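Please open the model in your viewer and display the side chains as sticks. The tour below proceeds selection by selection through a group of charged residues.

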Amino acid sequence: MPVNNRPRTLRSRRTKHRLAADAGLLAVAAAFVLPLAWVVLSSFDPKADLRVRVPDSLTLDNYDKVLTPEITFTPLLNSLLLCGGGTLLTVACATLAAYPLSRYRSRLNRPFMLTILFATSLPITAIMVPVYALFVQVDLIDTMHGTIFFFAATQLPFAIWLMKNFMDGVPKELEEAAWTDGASSLQSLIRIVLPLMGPGVAVVTVFSFVMMWGNFFVPFMLLLTPEQMPASVSINDFFGNKGTVVYGQLAAFSILYSTPVILLYVLVSRRFGGGFALGGAVKG
């Protein structure tokens, strides 16, 4: 092959590789965009089905039919209570558990962290039967606070792991200066560590809330009263007993169901989008 043709051959190969990579990315993007497009378009389609198509006529009838206390408002309120309470409990307990793991060295730290990591890999279905029997014995079955406790317990292992790693990024010298001024460990945690690791707390909050918000199995097993069911369980009512599905109302309810999570993500990302601001906090 002539020497002059080698650069041209290399450029053509790079172009082919780039086109192949772009085609693969477009295929992956289509796999994500098409379901979202179906949900949005079907929510305004009076004759929605499984096809992704632009409606012949746009209508809000699907939203009018699902915007009722029984279908949407009560389940969404139950979801907010369950997930909000579980998230607050998870973040509080994870912070208190991660602080000694981050600030104090012990031979038990590594085994404890490995145990936490192992706990994150346990499938929820493997422990639901003994949990259900325990909840029956202690009268926590069919209670909102019992479900909140279990939600928090299932999210704590990974929340502690994340919180500890974020807390390691806060210089300990800042706390030592506060201790010199007479602050206690709890005061330094609340007034120094937590404000500096705000993005980390936000990550744990959003992750815990999203995982609880989309959880169907836990409330379905632990809650028995229909009036206490969250939206993740009530969405199953759109699937009929004989395989009939009201696709338009299902799509409209899915849009409403996704709104709180999207709003939480937008608010948190706008508030903590700048990341850590520890530069210059400790002078040599």
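A salt bridge here is a side-chain nitrogen of Lys or Arg within 4 Å of a carboxyl oxygen of Asp or Glu. The model on screen is predicted, and by this rule the count comes to 5 salt bridges.

Select Arg 51 and Asp 49 to begin. The two form a salt bridge, and their closest N and O atoms lie 2.9 Å apart. Arg 51 is exposed, its relative accessible area being 53%. Asp 49 is partly exposed, at 22% relative accessibility.

Keep Asp 49 selected and add Arg 53. Their side chains also meet in a salt bridge, with an N to O distance of 4.0 Å. Arg 53 is partly exposed, having a relative accessible area of 22%.

Next, add Asp 45. How far apart are the closest N and O atoms of Arg 53 and Asp 45? The distance is 3.3 Å, and the pair forms a salt bridge. Is Asp 45 buried or exposed? Asp 45 counts as buried because its relative accessibility is 5%, and buried means under 20%.

Finally, show the four residues together. Asp 45, Asp 49, Arg 51 and Arg 53 are linked in a network of salt bridges. Within this network, Arg 53 pairs with Asp 45 and with Asp 49, while Asp 49 also pairs with Arg 51.

Notes. Residues are numbered from 1 along each chain as its sequence is written. This is a predicted model: local features need pLDDT of at least 70, side-chain atom pairs count only at pLDDT 80 or more; totals for chains, interfaces and linings use all residues. Side-chain values use heavy atoms; hydrogens and water are left out. Buried means under 20% relative accessible area, exposed over 50%, partly exposed in between (1.4 Å probe, protein chains only).
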